[in-house]
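Here is a short report on one protein chain. It takes in a helix, a pocket and a single residue, in that order.

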Amino acid sequence: MSEVQRLWTRVVHGDAPESAAGRHDARDWQERSEHQNSNELAAQAVAGFLLGRRLRQEELRFAAPLVHYLFGATVGAIYGAYAERRQADVSGAGFGTTVWLAADEIAMPLLGLSDSTAHRPLEMHLQSLFAHLVFGTATEMTRRSVQAHFDGAASHAA
């Protein structure tokens with residue numbers, strides 16, 4: 001997902017901004033327009049609550065992508081559990097779109113982790129949406145692969 005955002009930025013704008021975690025935490029659209037990164041803001045908020053202080057740059061390099069990956073893993077696990085319980089065709093693209101809409105477009109501005117989406121240029125909405133489509137599709141492909149592995153293991157054990 002981060003790699004897709006970075007590639008988009010380089011193709012469209014030629015140069016990419018640098019976040020604390022480098023290519024592992026690309027939120028290029030936000031850094032270009034708002035000069036901030038919601039993963040860094042969230043990591044600083046968690047550190048303030050748990051440690052009573054702000055993170056140093058070296059700590060932020062680790063913490064910012066950790067916050068992002070933990071969020072992605074959590075919503076991915078919820079999606080996987082939902083898909084298995086539902087026992088019907090599900091869409092990774094639908095999942096990615098839902099995460100984009102719920103997190104990037106609604107929750108992050110409400111939590112103060114990004115500016116209002118009403119002021120964001122269309123290209124930035126599309127960049128973020130496309131990255132989340134990649135995330136959703138990769139999550140669904142992983143879920144199906146894991147499911148096939150366990151289905152195969154169960155049939156061999158029987």
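A polar contact is a pair of N or O atoms within 3.5 Å; within protein, one atom must be able to donate a hydrogen and the other to accept it. One such pair sits at the start of α5: a side-chain oxygen of Ser91 comes to within 3.2 Å of the backbone nitrogen of Ala93. The model is predicted.

**Overall fold**

The protein chain holds 6 helices and 0 strands. Read from the N terminus, the elements run α-α-α-α-α-α. Of the 158 residues in the chain, 40% are buried.

**Helix α5**

Helix α5 covers residues 92-110. Does its length fit its residue count, or how far apart are its ends? At 1.5 Å a residue, the 19 residues should span 27 Å, and the end C-alpha atoms are 25 Å apart, which agrees. The helix has a kink of about 25 degrees, centred on Ala103. Ala103 is also one of the buried residues of α5. The others are Gly92, Phe95, Gly96, Val99, Trp100, Asp104, Glu105 and Met108. Just after the helix, Gly112 takes a positive phi of about 80 degrees.

**The second largest pocket**

Rolling a probe the size of a water molecule over the atoms shows where empty space is left. The second largest pocket has a volume of about 180 Å³. Which helices each supply at least two residues of its lining? They are α3 (38-51) and α4 (57-86). The largest share, 6 residues, comes from α4. The lining consists of Ala43, Val46, Ala47, Leu50, Leu51, Leu55, Glu59, Phe62, Ala63, Leu66, Val67 and Leu70. The table sorts this lining by class.

| Class of lining residue | Count in the second largest pocket |
|---|---|
| Nonpolar | 11 residues |
| Polar | no residues |
| Charged | 1 residue |

Glu59 is among the lining residues, and Glu counts as charged.

**Met124**

Met124 lies in helix α6, which covers residues 122-157. Is Met124 buried or exposed? Its relative accessible area is 8%. Buried means under 20%, so Met124 is buried. Thr9 is 115 residues away from Met124 along the chain. Even so, the C-alpha atoms of Met124 and Thr9 are separated by 9.7 Å.

Notes: Residues are numbered from 1 along each chain as its sequence is written. This is a predicted model: local features need pLDDT of at least 70, side-chain atom pairs count only at pLDDT 80 or more; totals for chains, interfaces and linings use all residues. Side-chain values use heavy atoms; hydrogens and water are left out. Helices (H or I, at least four residues) and strands (E, at least two) are DSSP runs, numbered from the N terminus. The expected span of a helix is 1.5 Å times one less than its number of residues. The bend at a residue is the angle between axes fitted to the seven residues ending there and the seven starting there. Buried means under 20% relative accessible area, exposed over 50%, partly exposed in between (1.4 Å probe, protein chains only). On a 1 Å grid over the protein atoms alone, a cavity is a set of points where a 1.4 Å probe fits but cannot get out, and a pocket is an open set with protein on both sides within 12 Å along at least five of seven lines; lining residues have an atom within 4 Å of a point. Grid points are joined across faces, edges and corners, and a volume is the space filled by probe spheres set on the points.
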